[in-house]
Amino acid sequence: MQEEARRLREEIEELNASINTCQEQLPATGVPITRHRFDHMRDLFDEYVKNRTLQNWKFWIFSIIIKPLFESFNAMVSTTSTEELCQTTLSWLDQHCSLPVLRPMVLRTLRQLSTTTSILSDPSHLPEQATQAVTQGNTQTGES
């Protein structure tokens, strides 16, 4: 009986050592954002944009403007814990949502919109272009 208890204690110690070794290999910030999760969130965003654009083509223009913010949020904000979510969201807000950062981002997006669609030359074609963009799997002026 004592021999079995000693053997079980040794086995417990070995398992604890193995657990510690595994935990030491984990990143200090929790589980990193995987490419799969990032792609999944992008797919959900694109599907949402498609559905909303088919209801109202003007949403497509909004989605083009907001997509860079979504991408940076998706890449930077961590959901490993509530504290981490708050901390990374505030950091993201500071880095990506200040007026000095937003102005050039929106300008680039509007420049892209004006050069890849007929918004300036013939705005009447824009509803058709928006619908075509989302039904062909593109939510951003012919890009996925």
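Contact here means heavy atoms within 4.5 Å. That goes for the close-ups below, which come from a predicted model.

**View 1. Cys 97 sits in a loop and has company from several directions.** The loop in question runs between helix H4 (82-96) and helix H5 (99-116), and Cys 97 is part of it. Leave aside the neighbours within four places in sequence, and Cys 97 is in contact with Leu 69, Trp 92 and Leu 102. Take Leu 69: its C-alpha is 8.1 Å from that of Cys 97, although 28 residues separate the two in sequence. Is Cys 97 buried or partly exposed? With a relative accessibility of 24%, Cys 97 counts as partly exposed, since the cut-off for buried is under 20%.

**View 2. Cys 86 and Cys 97, and a search for disulfides.** Cys 86 has a relative accessible area of 44%, which makes this residue partly exposed. Cys 97, at 24%, falls in the partly exposed class too. How many disulfides turn up in a search of the whole structure? The search comes back with zero.

**View 3. Phe 73 meets Trp 92 edge-to-face, while Phe 45 stacks on Phe 70.** By the ring-centre rule, the count of aromatic pairs comes to four. One of them is Phe 45 with Phe 70, a stacked pair with 4.4 Å from centre to centre and 15 degrees between the planes. Phe 45 belongs to helix H2 and Phe 70 to helix H3, so this pair ties together parts of the chain 25 residues apart in sequence. Both Phe 45 and Phe 70 are buried. Now for Phe 73 and Trp 92: their ring centres are 4.9 Å apart and the planes stand at 85 degrees, so the pair is edge-to-face. Phe 73 comes from helix H3 and Trp 92 from helix H4, so here the parts tied together are 19 residues apart in sequence. The two partners differ in cover: Phe 73 is partly exposed at 31% relative accessibility, whereas Trp 92 is buried at 10%. Trp 92 also shows up in View 1, as one of the contacts of Cys 97.

**View 4. Three aromatic residues form one cluster.** The members are Tyr 48, Phe 59 and Phe 62. Phe 59 is also part of the largest nonpolar core, which is the subject of the next view.

**View 5. The largest nonpolar core has 12 residues.** Its members are Phe 45, Val 49, Phe 59, Trp 60, Ile 61, Ile 64, Phe 70, Leu 113, Leu 126, Ala 130, Ala 133 and Val 134. Which helices supply at least two residues each? They are helix H2 (35-55), helix H3 (58-76) and H6. H3 gives the most, with five residues. Zoom in on Ile 61 and, not counting residues up to four places away in sequence, you find Leu 113, Ile 119 and Leu 126 touching this side chain's residue. The stacked rings of Phe 45 and Phe 70 from View 3 belong to this core as well.

**View 6. Helix H6 turns one side inward.** Along H6 (residues 126-135), the buried residues include Leu 126, Ala 130, Ala 133 and Val 134. Why do they end up on the same side of H6? They cover an arc of only 90 degrees around the axis, which puts them there. These four are also members of the largest nonpolar core.

**View 7. Stepping back to the whole chain.** The protein has six helices and zero strands, so to speak α-α-α-α-α-α from the N terminus on. Of its 144 residues, 25% are buried. The accessible surface comes to about 10,100 Å², with 58% of that belonging to carbon and sulfur atoms. Among contacts between residues at least 6 apart in sequence, 63% join residues at least 24 apart.

Notes. Residues numbered from 1 in each chain as written. Predicted model: local features only at pLDDT ≥ 70, side-chain atom pairs only at ≥ 80, totals over all residues. Heavy atoms only, no water. Buried < 20%, exposed > 50% of the residue type's maximum accessible area, 1.4 Å probe, protein only. Helix = DSSP H or I, 4+ residues; strand = E, 2+ residues; numbered from the N terminus. Arc of directions from axis to C-beta. Areas by Shrake-Rupley, 256 points an atom, 1.4 Å probe, with all protein chains shown as cover. Disulfide = S-S within 2.5 Å. Core = buried A, V, L, I, M, F, W, Y, C linked by side-chain atoms within 4.5 Å. Phe/Tyr/Trp six-rings, centres within 6.5 Å; stacked < 30°, edge-to-face > 60°.
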